[in-house]
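User: I would like to learn how to read a protein model one feature at a time. Could you take me through this one slowly?

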Amino acid sequence: MDLLLRGISHRYGGTEVMRDINLDIRRGEIVCIIGPSGCGKSTLLRFIGGLERPDAGEVLLSGPEPEGSLNPLTYVFQDFALLPWRTVAGNISLVLEDHGLGKQRVAAIIEDVLARTGLSEFREALPRQLSGGMRQRVAIARALAVRPAVMLMDEPLSALDSQTRELLMDDLVSLWQRERFTACYVTHNLAEAVRLGHRVVVLSRRPGQIRTVVEIDMELSERGPGHPELEAIQSQLWTLLRDEARAADREIADVAE
Ligand SMILES: Nc1ncnc2c1ncn2[C@@H]1O[C@H](COP(=O)(O)OP(=O)(O)OP(=O)(O)O)[C@@H](O)[C@H]1O
């Protein structure tokens, strides 16, 4: 399924936070969204996921659902959002409840997704027994369990240390190589954006508007830390962001005074 954003605009009270966002996210593509603090990245994800409705515009899904999909859209959050009293398997089964699936079908889906994400041996572990990186792997497995058309990822790696972040980026790349999942991936981290994004959307400061879309025409498997082409794109993105970020900083400071 493709995800189509059409003319999305929004105000909170008197503050215009988003203006006329138009974007197509095509099946099998990872689109990263970057922009200065407060430009509306998380708000946009909430609109896409239907948690909130924008004042204007619409979010459309087009094309057939993935086979066996239980939810077309699913979130992966920064704080993992796992229930501490449930095991890994129990956390995954959470999203499979209320779909009228039999016990055996649920068990089969859990086994399948644990195998796909390399977590089979951790099925009975509790979140507190796992490292941050492993917890986020579980959250990603849980998202994949519903066979979503699009994963909505809100800074999924930002709570992790830099080595773990590297490992999880590698994981996401190999997962994408195997499954060609579709994702809208919000991040502050430009290294993440150039490593994972087929396209990187740069939003302006508030009201968030699409400033530019940078296409990165390089296989994900060929990308790695320190790749000169990626570093050049990263510095191009930083140049685009720097003025917006400075201005956004000043606006926040103005409000605080
Ligand atoms: N429920 C709300 N009510 C009022 N204002 C809100 C609400 N949610 C977000 N905002 C405002 O909308 C703007 C966009 O917020 P949002 O969290 O989407 O930005 P962001 O780009 O994700 O920020 P950050 O990068 O800091 O996470 C901000 O000015 C924020 O204060």
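**Reading the model step by step**

Analyst: Let us begin with one residue: threonine 182 counts as buried, because 21 C-beta neighbours lie inside 10 Å, and the cut-off for that word is 20 or more. Please keep in mind throughout that this is a predicted model. Threonine 182 is placed in the loop between helix 5 and strand 7.

User: Which residues is threonine 182 in contact with, once its neighbours within four places in sequence are left aside?

Analyst: A contact list tells you what surrounds a residue in space. For threonine 182, with those sequence neighbours left aside, the list holds Ile25, Arg27, Gly28, Glu29, Ala149, Val150 and Met151. A distance to another residue can be read in a similar spirit: threonine 182 and aspartate 243 are 61 residues apart in sequence, and their C-alpha atoms are 30 Å apart in space.

User: What should I look at in the protein chain as a whole, and how many helices and strands does it have?

Analyst: One starts with the secondary structure and then turns to the overall dimensions. The protein chain has seven helices and nine strands. Its radius of gyration is 19 Å, close to the 18 Å that the globule rule gives for 257 residues, so the protein chain is as compact as a globular protein of that length. Along the principal axes, the C-alpha atoms fill a box of roughly 55 × 40 × 40 Å. Of the 257 residues, 36% are buried, and among contacts with a separation of 6 or more, 76% join residues 24 or more positions apart.

User: How is the protein chain divided into domains?

Analyst: A domain may be made of pieces that are separate in sequence, and this case shows it: domain 1 consists of 2-65 + 152-256, while domain 2 covers 80-148. Seven residues of domain 1 are in contact with four residues of domain 2. On the side of domain 1 that touches domain 2, the residues divide into five nonpolar, one polar and one charged. The centres of the two domains, taken over C-alpha atoms, are separated by 26 Å.

User: What does the UniProt record say about residues 3-230?

Analyst: A record entry should be kept apart from what is computed from the atoms. The UniProt annotation, from an unreviewed entry, reads "domain: ABC transporter" and covers residues 3-230. Computed from the model, that span is 32% helix and 25% strand, and its end C-alpha atoms lie 26 Å apart.

User: Which residues are around the ligand?

Analyst: One lists the surrounding residues and then sorts them by element and by class. Around the ligand are Tyr12, Val17, Gly35, Ser37, Gly38, Cys39, Gly40, Lys41, Ser42, Thr43 and Arg206. The largest share of this shell, three residues, comes from helix 1, residues 41-49. By class, the shell has three nonpolar, six polar and two charged residues.

User: Arg206 was in that list, and I wonder what the peptide bond from arginine 206 to proline 207 is, cis or trans?

Analyst: The omega angle is the number to read here. The bond from arginine 206 to proline 207 is cis, with omega near -5°. Proline 207 belongs to the loop between strand 8 (199-203) and strand 9 (210-215).

User: And where is arginine 147, and is it buried or exposed?

Analyst: Arginine 147 sits in the loop between helix 4 (132-145) and strand 6 (150-154), and it is buried, because 20 other C-beta atoms lie within 10 Å. Its phi is near 45°, a positive value in a residue other than glycine. Arginine 180 also has a positive phi, near 50°, but arginine 180 is exposed, with 11 other C-beta atoms within 10 Å. The place of arginine 180 is the loop between helix 5 (162-179) and strand 7 (183-186).

User: What can be said about proline 148 in the loop between helix 4 and strand 6?

Analyst: Proline 148 counts as buried, with 24 C-beta neighbours inside 10 Å. Beyond its neighbours within four places in sequence, proline 148 is in contact with Ser69, Asn71, Pro72, Leu73, Thr74 and Ala143. The C-alpha atoms of proline 148 and glycine 68, which are 80 residues apart along the chain, are separated by 9.0 Å.

Methods: Residues numbered from 1 in each chain as written. Predicted model: local features only at pLDDT ≥ 70, side-chain atom pairs only at ≥ 80, totals over all residues. Near = placed C-beta within 6 Å. Helix = DSSP H or I, 4+ residues; strand = E, 2+ residues; numbered from the N terminus. Nonpolar A, V, L, I, M, F, W, Y, C, P; charged D, E, K, R; others polar. Buried ≥ 20, exposed ≤ 12 C-beta atoms within 10 Å, placed from the backbone. UniProt positions renumbered as here; feature names shortened; annotations may be inferred. Domains from an automatic or database assignment. Contact = placed C-beta atoms within 7 Å. Rg over C-alpha atoms; globule rule 2.2 N^0.38 Å.
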